[in-house]
Amino acid sequence: MDVMKLMMSDYTVETINDGITEFNVEFHGPKESLYEGGVWKIRVELPDAYPYKSPSIGFLNKIFHPNVDELSGSVCLDVINQSWSPMFDLLNVFEVFLPQLLLYPNPSDPLNGDAASLMMKDKNQYEQKVKEYCERYAKKENVVGTPKDESDDEISEEEFSGQSDSDDEVVGHADP
């Protein structure tokens with residue numbers, strides 16, 4: 001029922017293996033946040049004991065955030081990991097929990113130590129890096145199909161500003 005409710009809402013839901021226990025959801029960054037305009041594909045896996053056991057939630061395309069593991073996309077969010085209640089549903093995850101996570105990062109409980117450290121030491125540089133990741137990894141074209149392999153190549157100023165003539169997906173990893 002929860003999955004159907006999510007499918008009937010404004011979210012794009014893509015089932016995996018024609019089941020309702022694994023699926024991807026298109027998630028947009030909250031308004032008035034550093035992540036506004038970003039689009040992420042979120043992987044959701046429902047355990048057999050759902051809704052009594054929390055869903056597994058992870059970002060499939062990269063995001064720079066203290067509470068999201070950059071490599072695995074795992075989310076560090078108490079309400080999902082420790083405080084889950086059967087009273088919550090999937091709409092809560094996408095309408096409340098994930099937006100709150102992006103609006104109010106917690107650098108004192110990090111999964112991404114680099115993001116947490118940068119946020120505490122140099123807020124302006126942190127904000128710039130968040131915006132850079134949104135520009136590079138969180139576009140509509142990044143959530144369609146399977147993510148490409150990543151490289152350590154720097155992006156050019158032209159690619160970063162979105163002025164590239166190429167329609168290719170911009171991937172890579174900028175060193176901090």
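**Entry 1: Tyr11**

I began with Tyr11 and listed its partners, skipping neighbours within four places in sequence: Tyr11 is in contact with Leu6, Val25, Glu26, Leu91, Phe94 and Glu95. I noted at once that the model is predicted. Where does Tyr11 sit? I found Tyr11 in the loop between helix 1 (2–8) and strand 1. I then asked whether Tyr11 is buried or exposed. Its relative accessibility is 18%. Buried means under 20%, so Tyr11 counts as buried.

I picked one partner, Leu91, and checked the separation. Tyr11 and Leu91 are 80 residues apart in sequence. In space, their C-alpha atoms are 9.3 Å apart.

**Entry 2: the whole chain**

I stepped back to the whole chain. How many helices and strands does it have? I counted seven helices and four strands. I wrote down their order along the sequence as α-β-β-β-β-α-α-α-α-α-α.

I looked up burial next. The chain has 176 residues, and 43% of them count as buried. The exposed surface comes to about 10,000 Å². Carbon and sulfur atoms supply 47% of that surface.

I also checked how far along the sequence the contacts reach. I took the contacts with a separation of 6 or more. Residues 24 or more positions apart account for 56% of them.

**Entry 3: two loop residues with positive phi**

I searched the loops for positive phi angles. Asp18 has one, at about 55°, although Asp18 is not a glycine. I placed Asp18 in the loop between strand 1 (13–15) and strand 2 (22–28). Its relative accessible area is 77%. Exposed means over 50%, so Asp18 is exposed.

Glu32 also came up. Its phi is positive, about 60°, and Glu32 is not a glycine. Glu32 belongs to the loop between strand 2 and strand 3. I read a relative accessible area of 77% for Glu32, so Glu32 is exposed.

**Entry 4: a cis peptide bond**

Which peptide bond is cis? I found the one from Tyr50 to Pro51, with omega near 10°. I located Pro51 in the loop between strand 3 (39–45) and strand 4 (56–59).

**Entry 5: Asp69 and Glu70**

I moved on to the loop between strand 4 and helix 2. Asp69 lies there. Glu70 has its place there too.

I compared each with the cut-offs. Asp69 has 22% relative accessibility, so it counts as partly exposed. Glu70 has a relative accessible area of 15%, so Glu70 is buried.

What does Asp69 touch, leaving aside its neighbours within four places in sequence? I found Ser74 and Leu111. I measured out the Leu111 pair on the model: Asp69 and Leu111 are 42 residues apart in sequence, with C-alpha atoms 5.0 Å apart. For Glu70 I checked Gly113. That pair is 43 residues apart in sequence and 9.7 Å apart in space, C-alpha to C-alpha.

**Entry 6: Gln82**

I looked up Gln82 next. Gln82 lies in the loop between helix 2 (78–81) and helix 3 (90–103). Is Gln82 buried or exposed? Its relative accessibility is 60%, so Gln82 counts as exposed. I paired Gln82 with Lys53. They are 29 residues apart in sequence, and their C-alpha atoms are 9.8 Å apart.

**Entry 7: helix 4 against helix 5**

I ended with a helix pair. Helix 4 covers residues 113–121, and helix 5 covers residues 123–137. How do they cross? Their axes come within 5 Å and cross at roughly 135°. That angle lies outside the ranges for roughly parallel, roughly perpendicular and roughly antiparallel, so helix 4 and helix 5 are oblique to each other.

I listed the residues that make the contact. Helix 4 gives Ala115, Leu118, Met119 and Lys121. Helix 5 gives Lys123, Gln125, Tyr126 and Lys129. I sorted them by type: four are nonpolar, one is polar and three are charged.

I stayed with helix 5 for its length. Helix 5 has 15 residues and reaches 21 Å from its first C-alpha to its last. That is close to the 21 Å expected at 1.5 Å a residue.

Which residues of helix 5 are buried? I noted Tyr126, Lys129, Val130, Glu132, Tyr133, Cys134, Arg136 and Tyr137. Tyr126 and Lys129 also appear in the contact with helix 4.

Technical notes. Residues are numbered from 1 along each chain as its sequence is written. This is a predicted model: local features need pLDDT of at least 70, side-chain atom pairs count only at pLDDT 80 or more; totals for chains, interfaces and linings use all residues. Side-chain values use heavy atoms; hydrogens and water are left out. Buried means under 20% relative accessible area, exposed over 50%, partly exposed in between (1.4 Å probe, protein chains only). Contact means heavy atoms within 4.5 Å. Accessible areas come from the Shrake-Rupley method with a 1.4 Å probe; for residues, only the protein chains shown count as cover. Axes are lines fitted to C-alpha atoms, for helices over the stretch in contact, and angles run from 0 to 180 degrees between N-to-C directions. Angles under 35 degrees count as roughly parallel, over 145 as roughly antiparallel, 65 to 115 as roughly perpendicular and the rest as oblique. Ala, Val, Leu, Ile, Met, Phe, Trp, Tyr, Cys and Pro count as nonpolar, Asp, Glu, Lys and Arg as charged, and the others, Gly among them, as polar. The expected span of a helix is 1.5 Å times one less than its number of residues.
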